[in-house]
Amino acid sequence: MEADIFEYHREEEPVDIDTFQGGQQKLIQPTSLNDPKLEKLKEALVYWINSTLKPEHIVVQSLEEDMYDGLVLHHLLSRLAGVKLSLDEMALTSKAQIHKLEMILEELDKRLGLQDSSQIKWNVKLIHNKDLLATIHLLVAMVRCFQPELDLPPNVKVEVIVVEVSKSGIKSDVQTEVLTVARDAGSDSLRNTDREDPIEELLKLEPHKVNTVKKAILHFVNLNMLSLGLQVADMEKQFADGVILLLLIGQLEGFFIPLHDFNLTPVNPSEMLHNVTLALDLLNDIGLQMSSVDPQDIVSQDVSATLKILYALFKKHKGK
């Protein structure tokens, strides 16, 4: 079994025995690497990073390959926690990268409130060695700390091989590692109860109460579209092509969206989807993350999705 472990790891990169000596190393089982739940979690984290760092034009494609040098973590720390570290933007040598990671992780661990070292499932060496397990643990902890409202795929677990090398030989064991807990587990359940989506809750009420809220939001929309000579009467249909939504965002936020950036008179679903996707990107840029809304839902005239976006704008700008 031990030979199989090292042969599997060698497919990625040569095993550094010093890494194992006198301690433990965890390797994700190959079968778990193909688990759809793990893939969804990785995709969600990549999307979160790219959404957060979009204003800085940083794009991550792989958690394994794009996090090890500290550049992305440095920018996340700055943007999420407002921490400015005096570090070079690019660390080109291994020594410089390790130094950069040391500074960043020291600050991050403080911000994450992890005083007990047993709670920390990552370190400089693991991150720099492109350890996927440690990288995911770190990013999940950052999401939970800085953006707890963001829903990550729940109940994600992987099988790991725990390898320990000592002078007496090699010991190995297979364990289950929890990356995210189930939504109904412990304090996470209480946190989710406290932050139920207000629109989802609204739609469970009597129709006349739903209509009252819709009228209030429509009044808010039309008040802000008045100067453009536009009026919305049908919330689902008139926002489906993204045009009025883009114009509304521009009016509320005080900026002009160049006409060549979107389709002013969309004629097919593809052009509508382009408009709505641009609108969601703009909302993300101004700090309104709508991770639960799929652009296609707006195009498909989903009342819940449309209301979520308009309610977020209403909540931010009412009374201004």
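Here a biologist and a modeller talk through a predicted model of one protein chain.

Biologist: Happy to start simple: how many helices and strands are there in the chain?
Modeller: Good place to begin. Of the 320 residues in the chain, 42% are buried. As for secondary structure, the chain holds 17 helices and three strands.

Biologist: What share of the contacts with a separation of 6 or more is between residues 24 or more positions apart?
Modeller: Let's take the surface along the way: the chain exposes about 17500 Å², with carbon and sulfur atoms supplying 52% of it. For contacts with a separation of 6 or more, the share from residues 24 or more positions apart is 60%.

Biologist: Is helix H14 largely enclosed by the rest of the structure or largely open?
Modeller: We can count its buried residues, taking buried as under 20% relative accessible area. Among them are Val243, Ile244, Leu245 and Leu246. Eight of the 11 residues of H14 (residues 243–253) are buried, so the helix is largely enclosed.

Biologist: Which helices are included in what covers the buried residues of H14?
Modeller: The buried residues in question also include Leu248, Ile249, Gly250 and Leu252. Just after H14 comes Gly254, with a positive phi near 75°. The cover over the buried residues includes helices H12 (207–225), H13 (235–238), H15 (269–285) and H17 (303–317).

Biologist: Does His57 count as buried or exposed?
Modeller: His57 sits in the loop between helix H4 (36–52) and helix H5 (63–66). Its phi is near 60°, a positive value in a residue other than glycine. Most residues other than glycine have a negative phi. The relative accessibility of His57 is 72%, and the cut-off is over 50%, so His57 counts as exposed.

Biologist: And what does Gln301 count as, going by its relative accessibility?
Modeller: Gln301 has a positive phi too, near 65°. This residue lies in the loop between helix H16 (295–299) and H17. Because its relative accessibility is 36%, Gln301 counts as partly exposed.

Biologist: What is the orientation of H7 and H9 to each other?
Modeller: The axes of H7 (residues 94–111) and H9 (residues 132–146) come within 10 Å and cross at roughly 45°. The crossing is left-handed. At that angle, H7 and H9 are therefore oblique.

Biologist: How do the residues of the contact of H7 with H9 divide into nonpolar, polar and charged?
Modeller: H7 brings Leu105, Leu108 and Arg111 to the contact, while H9 brings Leu138, Met142, Cys145 and Phe146. Sorted by type, they come to six nonpolar, no polar and one charged.

Conventions. Residues are numbered from 1 along each chain as its sequence is written. This is a predicted model: local features need pLDDT of at least 70, side-chain atom pairs count only at pLDDT 80 or more; totals for chains, interfaces and linings use all residues. Side-chain values use heavy atoms; hydrogens and water are left out. Helices (H or I, at least four residues) and strands (E, at least two) are DSSP runs, numbered from the N terminus. Buried means under 20% relative accessible area, exposed over 50%, partly exposed in between (1.4 Å probe, protein chains only). Contact means heavy atoms within 4.5 Å. Accessible areas come from the Shrake-Rupley method with a 1.4 Å probe; for residues, only the protein chains shown count as cover. Axes are lines fitted to C-alpha atoms, for helices over the stretch in contact, and angles run from 0 to 180 degrees between N-to-C directions. Angles under 35 degrees count as roughly parallel, over 145 as roughly antiparallel, 65 to 115 as roughly perpendicular and the rest as oblique. A crossing is left-handed if the near helix is turned anticlockwise from the far one by less than a right angle, and right-handed if clockwise. Ala, Val, Leu, Ile, Met, Phe, Trp, Tyr, Cys and Pro count as nonpolar, Asp, Glu, Lys and Arg as charged, and the others, Gly among them, as polar.
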